[in-house]
Amino acid sequence: MTDGIVDFADTAARLYGVDLLISVDTSMVHLAGGLGLPVWMISRSDACWRWGETASTTPWYPSMRIFRQPRSGDWETPVAEIAGLLRQFVALYRTNLAAEAA
C-alpha cells in the first residue's frame with residue numbers, strides 16, 4: 001500500500017482517500033489534521049502539551065477528536081470508546097449508502 005510514496009505530498013494524496021484516520025499521536029495525525037480531514041487520535045494520559053489536559057478537541061486541528069487514556073497504561077478505555085463510536089459511524093455510512101442507492 002505504500003508503493004510510490006516518497007514524501008508527505010504523496011502521503012497526503014493517499015489520506016484524501018480515507019473517510020476517517022484513527023491513530024495515536026504521529027506525523028499522520030498532524031498531516032491529516034492540517035489537511036482538515038477527520039481524525040480520531042488516541043492520546044496518552046501524559047499527553048503532549050499541544051493537546052491540553054482534558055479536552056476532546058484542539059484548536060490546532062478542528063477536524064480532530066481526542067480520546068484520552070484515563071490513566072497511564074489504560075488503552076482499553078479509549079479503544080472501547082472509539083469502537084463504539086466507529087460502530088455508529090459505520091451504521092450511518094451504510095444508511096447513507098442505502099439511501100443513495102434507493
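I take a charge to sit over a ring if NZ of Lys or CZ of Arg is within 6 Å of the ring centre and within 35 degrees of the ring normal. With that in hand I looked through this structure, which is a predicted model, and found that R50 lies over the face of W51, at 5.8 Å from the ring centre.

Next I turned to pairs of rings, and a search of the whole structure gave me 3 aromatic pairs. I noted W40 and F67, whose ring centres are 5.5 Å apart and whose planes meet at 55°, so I entered the pair as tilted. This pair joins distant parts of the chain, since W40 belongs to strand β2 (residues 39-43) and F67 to strand β3 (residues 64-68), with their positions 27 residues apart in the numbering.

I then looked up how accessible these two residues are: W40 counts as buried at 12% relative accessibility, and F67 is buried as well, with a relative accessible area of 1%.

W40 came up again with F89, where I read 6.2 Å from centre to centre and 70° between the planes, so this pair is edge-to-face. Here too the pair links distant parts of the chain, for W40 is in strand β2 whereas F89 is in helix α3 (residues 76-101), and the two are 49 residues apart. I checked F89 for accessibility and found a value of 32%, which means that F89 counts as partly exposed.

To close the entry, I recorded that W40, F67 and F89 form one aromatic cluster.

Methods:
Residues are numbered from 1 along each chain as its sequence is written. This is a predicted model: local features need pLDDT of at least 70, side-chain atom pairs count only at pLDDT 80 or more; totals for chains, interfaces and linings use all residues. Side-chain values use heavy atoms; hydrogens and water are left out. Rings of Phe, Tyr and Trp (its six-membered ring) pair if their centres lie within 6.5 Å; planes under 30 degrees apart count as stacked, over 60 as edge-to-face and the rest as tilted. Helices (H or I, at least four residues) and strands (E, at least two) are DSSP runs, numbered from the N terminus. Buried means under 20% relative accessible area, exposed over 50%, partly exposed in between (1.4 Å probe, protein chains only).
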